[in-house]
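Subject: Structure for your files

Hello,

Please find the structure below, followed by notes on what was found in it.

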Amino acid sequence: MTRAFVTGWPITHSKSPVLHGFWLNKYGIKGTYEALGIEPENFVQFLDDLPKSGFAGGNVTIPHKEVAFDTIPDRDEAAEMIGAVNTLWLEGGKLKGGNTDAYGFSANLDDYAPQWRQGKIATVMGAGGASRAIIYALLNAGFTDVRIANRTVRRAQSLADRFGEACSAHPWSAIEELTQDTDFLVNTSSVGMAGTEDTPIPDLRNLAAEALVTDIVYTPLETPILKAANDQGLTTVDGLGMLLHQAVPGFEKWFGIRPEVTDDLRNTILGA
Ligand code: ATR
């Protein structure tokens, strides 16, 4: 029987066990996907013990993604660029680390708005940990002008430095102006969520009618930014599909079947 896991601290809110459990059941695989709460002080030991633990691999979530990156020398290109590891697997008994967030982001858009790949200019709201996978995905999809807007401009600047000359850093207040010629607006910040009332969501009226808007937050499905965009008649994609798609490469590595992201799965997660 093949065993996989998700580890974080705390781990109670993770939807991954339901997601992978859905696929294990659907494909009739004799396997498990377990939620393991590992306290930060025990996490490196957990990684050291993994090759002999009986697990085929697993997912890593908050707050362990950066420590996993620092601890595992054998990483895929996405993890390297993003600076965080969210997927672990064994190859010839050796632990490998990857990052599937950029893949999940892109595959969700390919599903719902495949024209996103024609865009050249993107504005990314937020410069936290989550924005790195998005910037990496945008550059891979061929965007040539990625504008990172953040309350703390210094954080946006350090990301622009990291990802190269196609990227530029801007203050949050510049978003309305930046959207005048933006093809694709992505929110990776927590603005719009409870506790961010000090920062109103930007006015989106400058966006062109063909512009696309997405948010990586999926609770609620229609975030305040997506609602503003929908009210304006713009095309929007919610963030739930990113969660579903980022799980695909790991499941395939551990259990040997590339699982499908379907409406059934989406509805199961929404109901969970
Ligand atoms: P994550 O890893 O999920 O991206 P994070 O690193 O805490 O989380 O980043 C959260 C993002 O939301 C950051 O871009 C943050 O802006 P700062 O870098 O200026 O902190 C942004 N954010 C959070 N609360 C905000 C607020 N009240 N107003 C503006 N931006 C906010």
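**Ligand site**

The ligand is surrounded by 15 residues (each with a heavy atom within 4 Å of it), and the closest are Asn150, Arg151, Thr152, Arg155 and Thr199. This is a predicted model, in which local features need pLDDT of at least 70 and side-chain atom pairs count only at pLDDT 80 or more, while totals for chains, interfaces and linings use all residues. Residues are numbered from 1 along each chain as its sequence is written, and side-chain values use heavy atoms, with hydrogens and water left out.

By type, the shell around the ligand holds three nonpolar, nine polar and three charged residues. Here Ala, Val, Leu, Ile, Met, Phe, Trp, Tyr, Cys and Pro count as nonpolar, Asp, Glu, Lys and Arg as charged, and the others, Gly among them, as polar.

Three side chains make polar contacts with the ligand (pairs of N or O atoms within 3.5 Å):

- Thr199: a polar side-chain atom lies 2.5 Å from a ligand nitrogen atom.
- Arg155: a polar side-chain atom lies 2.8 Å from a ligand oxygen atom.
- Asp198: an N or O atom of the side chain is 2.9 Å from a ligand nitrogen atom.

The protein buries 73% of the 640 Å² that the ligand exposes when taken alone (Shrake-Rupley method, 1.4 Å probe).

**Domains**

The protein chain is divided into domain 1 (2-100 + 247-271) and domain 2 (103-239), with bounds from an automatic or database domain assignment. Their centres, taken over C-alpha atoms, are 27 Å apart. At the contact between them, 14 residues of domain 1 meet eleven residues of domain 2, where contact means heavy atoms within 4.5 Å.

Regards

Methods. Polar contact = N/O pair within 3.5 Å; in protein donor to acceptor, adjacent residues only side chain to side chain.
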